[in-house]
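Colleague: I would like a close look at one part of this model. Please take the sheet and whatever packs on it.

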Amino acid sequence: MVGQATDGKATAVACANIAFIKYWGRKDDALRLPLNASISMNLDRATTTTTVAFDPALERDEVVIEGMETAEKAAGRVSEHLDRVRSMAGITTRARVASRNSFPAGAGIASSASAFAALSAAGIAAAGVAMDERGLTVLARLGSGSAARSIPAGFVEWYAGDRSEDSYAEQIAAPDHWDLCDLIALVQTGHKEVASTRGHALVESSPFADARLAAAERALPVVRDALLARDFDVFGEETELEAIRMHAVAMSSRPSVIYWSPATVAIMLAVREARADGVGAYFTIDAGANVHVLCREDDAADLDTRLRAVPGVLDVLVNRPGPGIQWVSGHLI
Ligand code: DP6
């Protein structure tokens, strides 16, 4: 399945994804084994394109994001991930990495999922490592948990697993299965205050961690079945409650993490008001203040107007079910 590498160079495009059942907390930090399985949808308009070019002349990896050399911390995580690729390929060659997002820099939707999915796919192709889709989801997961779900197309489940090779992601429905839209109401443009990596580490300190885990495990098959049956209300209700549970854990962790801003809450209430007016809409929120409003195609225009009218909403980005990882010939370097 891997795109053919030419001269140790390859480029891949990956979508970000939005989780309906969240990955929140890990049972193994080094392997990024999640406490619970999760379900998500790829976002067709939020993509990362990454080129990896191995070059024997380099003494260290070089990472350029949006045309700018990256800070050491981010570059270190990329380098560590390339080490996994190098060890699979049996090489020590350093690489030049260039990456670009389809969404505006600083839009607050920068995604480690699309970044590590694209880096993994470009990395193995550039290094000439043969791998099936399942193996690639495992590799991507080691870079960033949610990246595993950006490899398959459309609607995806990531099985928790107890061993690294069993913690992989798989498609549960193709992108054209359902006309679901994700309207991302942007209220935050900077980097989020508490990275999700840190949020995961705090989960066990919340007195609600076990209750949320049990509820997520109960909700997962309900969300999966509702998604397969295109039962929007069951799907939406479960998805909205799961987001609230995840944030209840974050808020009750020690130290406590509040990702919401006043505008976040205003949007949550506006979504419920829309629902009371008969518009099919439910929200979910990741580790940030932006709100993902889920609806069907027929309600998207109406909701877009309603969301833009909420004070504090800077923009609304409309996403539909996106494809899986793709290798392309247009290299960035
Ligand atoms: C709230 O995948 O960003 O978006 O494995 O530490 O990179 P790391 O965490 P990350 O966590 C995502 C958390 C979430 C929920 C989700 O996408 O399932």
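Which residue in E13 does Asp182 stand opposite?

Modeller: This is a predicted model. Asp182 stands opposite Asn319 in E13. The two strands involved are E10, residues 180–186, and E13. They run antiparallel, and five bridges join them.

Now the whole sheet. It is open and has four strands. Their order is E11-E12-E10-E13, with antiparallel pairing. Two strands sit at the edges: E11, residues 282–284, and E13, residues 315–319. Each of these pairs on one side only. From one strand to the next, the twist averages 30 degrees.

Next, the helices. Helix H6 spans residues 232–251 and packs on the sheet. H6 touches E10, E11 and E12, the last being residues 291–296. The direction of H6 makes about 35 degrees with that of E11. Helix H8, residues 297–308, also packs on the sheet. H8 touches E10, E12 and E13. Its direction makes about 145 degrees with that of E12.

So much for the sheet; a word on the ligand. There are 18 residues around the ligand, and among those that come nearest are Tyr23, Ser144 and Thr197. A polar side-chain atom of Tyr23 lies 2.6 Å from a ligand oxygen atom. For Thr197, a polar side-chain atom is 2.7 Å from an oxygen atom of the ligand. On its own, the ligand has 460 Å² of accessible area, and the protein covers 95% of that. Helix H4, residues 196–202, gives the largest share of the shell, three residues.

Conventions
Residues numbered from 1 in each chain as written. Predicted model: local features only at pLDDT ≥ 70, side-chain atom pairs only at ≥ 80, totals over all residues. Heavy atoms only, no water. Near = heavy atom within 4 Å. Polar contact = N/O pair within 3.5 Å; in protein donor to acceptor, adjacent residues only side chain to side chain. Areas by Shrake-Rupley, 256 points an atom, 1.4 Å probe, with all protein chains shown as cover. Pairing = 2+ DSSP bridges. Axes fitted to C-alpha atoms, helices over the stretch in contact; angles between N-to-C directions. Contact = heavy atoms within 4.5 Å.
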